[in-house]
Amino acid sequence: MIGGAAHLRRTGFLSEGELAALPGVPGLDVIRRGRVAVIECAEAIPCNPCETVCPKRAITIGEPITRLPSLDPSRCTGCGLCIAACPGQAIFVLDYNWSDSEGTVEMAYERLPLPSPGEAVVTLDRGGSPVGAGRVVKVRQVQAFDRTAVVRVAVPKGTVLGVRAFRMRGEGGR
Amino acid sequence: MLEVDFACVGAGPAGLGAASEAARRGLRVVVVDENARPGGQLFKQIHKFFGSAEHGAGLRGLDLGRRLLDEAEVAGVEVQLSTAAWGLYDGQTLALSSEGGVRRLKAKRLLFATGASERALPFPGWTLPGVVRAGAAQTMMNLHYVLPGRRVLTIGAGNVGLIVSYQLLQAGAQVVAVVEMAPTIGGYGVHAAKLRRWGVPILTSHRVTEVSGRERVEQAAVVELGDDRGPVPRTERVFDVDLVCVAVGLTPLTELCRLAGCVMAHSPALGGWVPAHDEDMRTSREDIFVAGDAAGIGEASVALDEGRLAGLAAARDLGHLSDSEWAEARGPVVERLAALRGGEQGARIAEAKASLAARVRVGGCGP
């Protein structure tokens, strides 16, 4: 874990400041431009599937293999292959300009039942608190993802940066 | 009495890795394991493993287990399951027991890849049905498809506690909290973040004071700890739960090493008392190797490569590999292990291992 990630170590999720310091998290200007990956990995452990899976070489770890992944947003197309490849489920793809009023957040999902496209959900932030309403727009399940589904959720533009999970409407709060 | 070249106790990643390497070089190899199924803890691990491409990164534990079993079978390894190794005679003869009775197995080289045991945590109510350790919860869920509880409190925010809590969520349970005495989370941040965003609180600087219930677990009481590590008044909270899952660390299983008179050393970084061993996993006894969690708590990929080193050294000892063939086969494994021990946590383990190797060189015999 990087030295400064005190919030992560104490609470279990990254603070705004810790996120901004990560080499895999692009700035707001980049996110506003279009579909792009956000790598919320603060873990100095030997791991590099994100680097290997990226067809555009947009993700670099290099040597030693314990370095944090860095993202070159000019190469990233937002294809999302890295979402399912990351064993830590720490990668999200944001599309700020999905529509005039909505953006999308794509994330790994390894629970059942899977949501269906069109399903209304309650979105959650990194700490698990409700953010607002969202709508599942796509569920990708292909063999290369090895039983990890990638779910794309449409949310109001203003919440794209904060939404990182969701619960189905029938599911109680925890 | 059966006599073989190489006998491995434990059919987890370390034992299977060692056995495959040795058998592939022509040694007659037998692996014994007291469990009914091979694979050690691998088949309980349904998540994708960290690692590099050479380590099969992104592979789920259960799939790595299948791959290792296939490899061992192709190499000609004989695996004897439901077979406990409970004694050692003449330094080289294992005493085994299984349903067929008691028998002996003599081997020119031995590997103890016996894994680890989970630490226990005593608190009022810890003997109530419904207090289980993480391994038991995983066995019930992931091997037998039985949900061990519906509302769960987990004790311990190391990697095991975090991973098991996530698996409990996946199995359909509700995890009301993960409680950790230390002021910080010991496990990887990504595992913690997964739990947090799906709504599971992680309470650092908290301790379980009591678990209660008439015939089984019904409630767990938790209190916050202050800077002096003592309970903060009026912070007690009670959770209604039917399962308390304890994940407070692992310690190497070293009985056979002690029986063999291997030099032991205490290493907090490796989980407690471990047999001293060199870079090739050889203990202070020339004919005995140790690998995996029994040689210091670590991850499956480390155990696998430690096993491979032991298997290669055994093959060289018995003349099945020349010095140059051995060096060629060993090189990439040593490199992979070094890469796995990069990073802050890995460096501490590498340091502990180096000091153990020094003990073997000075070592000599017996504790």
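Me: How many residues does each chain bring to the contact between chain A and chain B?

Reply: In this predicted model, chain A contributes 41 residues to the contact and chain B contributes 36 residues.

Me: How is the size of such an interface expressed, and what area do chain A and chain B bury between them?

Reply: An interface is often sized by the accessible area lost when the parts come together. Here chain A and chain B bury about 3300 Å² between them, and 51% of that area is on carbon and sulfur atoms.

Me: Which polar interactions does the rule find across the interface of chain A and chain B, and how many residue pairs are in polar contact?

Reply: There are 21 residue pairs in polar contact across the interface, with both residues at pLDDT 80 or more. The rule also finds three salt bridges between chain A and chain B. A salt bridge links the side chains of B:Asp63 and A:Arg147, with an N to O distance of 2.5 Å.

Me: Which elements of chain A supply residues to the side that touches chain B?

Reply: On that side of chain A, at least two residues each come from α1 (6–11), β5 (102–109) and β9 (165–168). Helix α1(A) gives the most, with four residues. By class, the side of chain A that touches chain B has 20 nonpolar, ten polar and eleven charged residues.

Me: How should the packing of helix α4 and helix α5 of chain B be read, and at what angle do their axes cross?

Reply: Two packed helices are described by the angle between their axes and the distance between the axes. In chain B, the axes of α4 (residues 159–170) and α5 (residues 189–197) come within 9 Å and cross at roughly 35°. The crossing of α4(B) and α5(B) is left-handed. From α4(B), the contact is made by B:Asn159, B:Leu162, B:Ile163, B:Ser165, B:Tyr166 and B:Leu169; from α5(B), by B:His191, B:Ala192, B:Lys194 and B:Leu195. These residues divide into six nonpolar, three polar and one charged.

Me: What backbone geometry deserves attention in chain A, and where is A:Arg57 found?

Reply: Most residues other than glycine have a negative phi, and most peptide bonds are trans. A:Arg57 is not a glycine, yet has a positive phi of about 55°; A:Arg57 is found in the loop between α4 (49–53) and β2 of chain A.

Me: Which residues does a cis peptide bond join, and what is omega?

Reply: One cis peptide bond joins A:Glu63 and A:Pro64, with omega about -10°. A:Pro64 lies in the loop between β2 (59–60) and β3 (70–71) of chain A. The peptide bond from A:Leu112 to A:Pro113 is also cis, with omega near 0°, and A:Pro113 lies in the loop between β5 and β6 (120–124) of chain A.

How values were computed:
Residues numbered from 1 in each chain as written. Chains lettered and ligands numbered in written order. Predicted model: local features only at pLDDT ≥ 70, side-chain atom pairs only at ≥ 80, totals over all residues. Heavy atoms only, no water. Axes fitted to C-alpha atoms, helices over the stretch in contact; angles between N-to-C directions. Left-handed = near helix turned anticlockwise from the far one by under 90°. Contact = heavy atoms within 4.5 Å. Nonpolar A, V, L, I, M, F, W, Y, C, P; charged D, E, K, R; others polar. Buried area = accessible area lost by both parts, 1.4 Å probe. Salt bridge = Lys/Arg side-chain N within 4 Å of Asp/Glu carboxyl O. Polar contact = N/O pair within 3.5 Å; in protein donor to acceptor, adjacent residues only side chain to side chain.
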